[in-house]
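Okay, thanks for having me. I'll put the model up, and then we'll walk through it together.

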Amino acid sequence: MGRERCILAASDAQGNAEQSPVIVIGGGIAGLAAAWKLARAGKKIRLIEKDRRLGGVIRSLRKDGFLIEEGPNTVQNHSDELGEMRRALGLEDRLLFATGTEKKYLVRFGRVHPVPTGVLSSVTSPLLSLRGKVRLAVEPWVKPFPLAGVSAEEFIRRRIGREGYERLFEPVVAGIYAGDPREMEMRYAFPKLTALVENSGSLIRGAVERMRRARRDRALQKRQKRQAMIFSFPEGLEELPRAVEKFLGDRLLLGTRARKIEPIDHGFRLTLEKGDGMKEQVFGSDVVLAVPAHALSGIEMPPEVRKACEVLAGAPYAPVGIAALGYKDQGPLRRLEGFGVLVPAVERRSILGVLFSSSLFPERAPRGMRLLTIFYGGRRNPEMVLDEKEFPREAILRDLQEIFGIEEEPLFEHWIRYPKAIAQYLLGHGRILKAQERLEARCPGLLLAGSYLTGASVPATADSGFRAAEKILSR
Ligand SMILES: Cc1cc2nc3c(=O)[nH]c(=O)nc-3n(C[C@H](O)[C@H](O)[C@H](O)COP(=O)(O)OP(=O)(O)OC[C@H]3O[C@@H](n4cnc5c(N)ncnc54)[C@H](O)[C@@H]3O)c2cc1C
């Protein structure tokens, strides 16, 4: 297959694609970031979204006085450009930062223990045995090893030992990705930790050097602190897509699904389908394809990139179930202050983790009530999300009773599940990136963005959209 541009005969093209808008397909955070950046730079754009609302998995819901996040809850301030977008959209006055985030907990032998925050608390913490602590402490003397094709489990176990891996790292991976470190590729799933070892030869030494650098450089310290903060808005994260919706106005085509993309002279011809099944064609000078990987197979593409599309469409996601439970603020619930709890796989529980939602942000629960957000399933227990006809209420409430001593029934419940929730960076993820490169090279002007490429978090996904926009702006 040649590297030539995949174009239809010019005579096939109706309309002047060159003067057409840039078409962004998908109104999740990736598409919103791309559309906002292009529009702000003065580009004519159109955003096509199959649903009647924007935001993709970012969904906030006010119900019976509780504010529930059906998708992401804890979004770090990692993306400078996302911060700029927030400011430009006038959301700075609405911004909330989570409090008490340093108070994190892990479960060991069915009991909840705080994650140590200093040297002394690390030495005395019951989260690791003495042997586990000694093994962790010798990490700086473990020689670096080649990283290509190394799983996150192998990398961390070789560096900090089996106990440190099982008790500290594995639950964090469940908390971030709902993933299984045994099948994830370290350098793609955790590029920052990988870089620490590549630059300093050790995780501990790298972290200490990072702290020292920040102590010497006030601006760096401030930046690191700002980036670690978790933000939201009084009515939840969905305030962000709602603000983009207002900004884009009639540049939006909601309730419209992209069905076909055909490269033509100087651009693309797209076939769209409305909710009532009516089809229409539009022309675009460039296209940002910001749909989840699995949605790519529902869009007809040029034969030249079909193979690359198949690889991309197979990018894996973890299934996740969420239970938002409201309780009276009494008894053991009073102790659930701070960020939340993660449960290691070796504990053999149904729960992956619990966020103390009403402790993190104000007004997430009515007065005198508490809101807990429980995550279950993931690559650890996919059947809990995929096979169950009913939500696994009994198993979750049993865990809450046995781990936290919560005996009473919740007074409020909201359950939701996603068969494909969070993108995974499995061994061989390089194939996905190569397929992206191939597709973008064969169809100049067609750019991909989304959580399955270079980071699954909201800020990393937004950055993929900003990058796609940048490529178009610099073309
Ligand atoms: C339950 C859950 C919890 C999470 N928790 C966190 C968290 O706490 N912190 C964090 O940083 N990240 C979290 N994430 C990850 C993060 O939210 C996602 O990775 C990110 O929001 C995905 O954005 P996206 O734009 O790639 O995809 P989506 O949000 O899936 O958006 C894609 C959009 O494309 C549209 N679409 C699909 N096909 C078509 C088509 N043919 N034509 C037109 N439109 C189409 C869809 O309707 C959708 O709106 C979580 C994700 C989930 C699901």
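So, who lines the ligand? Five elements each put at least two residues into the shell around the ligand: helix H1 (29–40), strand E11 (256–264), strand E15 (317–328), strand E19 (412–423) and helix H17 (458–473). Keep in mind that this is a predicted model. Of the contributors, E19 gives the most, with 4 residues. In total 39 residues surround the ligand, and the closest are Gly26, Gly28, Gly56, Pro72 and Ser451. What does the shell look like by class? We get 22 nonpolar, 13 polar and 4 charged residues.

Now zoom out a bit. The protein chain splits into domain 1 (10–57 + 238–315 + 428–473), domain 2 (60–79 + 86–100 + 317–423) and domain 3 (118–227). Where does the ligand's shell lie relative to these domains? Domain 1 and domain 2 both give residues to the shell, so it lies between them.

Let's turn to how domain 2 meets domain 3. Their C-alpha centres are 26 Å apart, and the contact takes 19 residues from domain 2 and 13 residues from domain 3. On the domain 2 side, E15, strand E17 (351–355), strand E18 (369–377) and E19 each supply at least two residues. That side of domain 2 divides into 11 nonpolar, 6 polar and 2 charged residues. You'll recognise E15 and E19: each of them also supplies at least two residues of the shell around the ligand.

Those strands belong to a sheet, so let me trace that one. It's an open sheet of 7 strands, in the order E8-E7-E16-E17-E18-E15-E19, and the pairing is mixed. Which strands sit at the edges? Strand E8 (111–114) and E19 do, each pairing on one side only. On average, neighbouring strands in this sheet are turned by 25° against each other, ignoring direction. Inside the sheet, E15 and E18 run antiparallel and are joined by 9 bridges. If you want a landmark there, find Tyr327, which stands opposite Arg370 in E18.

Back to E11, the other strand on the ligand list. E11 runs antiparallel to strand E12 (residues 267–274), with 8 bridges joining them. One pair to look for is Pro263 with its bridge partner Phe268 in E12. The E11 and E12 hairpin has 2 residues between the strands, and His266 takes a positive phi near 60° there.

Then E12 goes on to pair with strand E13 (residues 279–284), antiparallel again, over 6 bridges. Here Leu270 has Val282 in E13 as its bridge partner. This hairpin, E12 with E13, has 4 residues between the strands, and Gly277 is the one with a positive phi, near 90°.

Last stop, a helix pair. How do H12 and H16 cross? The axes of helix H12 (residues 306–313) and helix H16 (residues 430–442) come within 9 Å and cross at roughly 145°. The crossing is left-handed. From H12, the contact is made by Ala308, Cys309, Val311 and Leu312, while H16 brings Arg431, Ile432, Ala435, Gln436, Arg438 and Leu439. By class, that contact has 7 nonpolar, 1 polar and 2 charged residues.

That's my tour. Happy to go back to any part of it.

Note on methods. Residues numbered from 1 in each chain as written. Predicted model: local features only at pLDDT ≥ 70, side-chain atom pairs only at ≥ 80, totals over all residues. Near = placed C-beta within 6 Å. Nonpolar A, V, L, I, M, F, W, Y, C, P; charged D, E, K, R; others polar. Domains from an automatic or database assignment. Pairing = 2+ DSSP bridges. Contact = placed C-beta atoms within 7 Å. Axes fitted to C-alpha atoms, helices over the stretch in contact; angles between N-to-C directions. Left-handed = near helix turned anticlockwise from the far one by under 90°.
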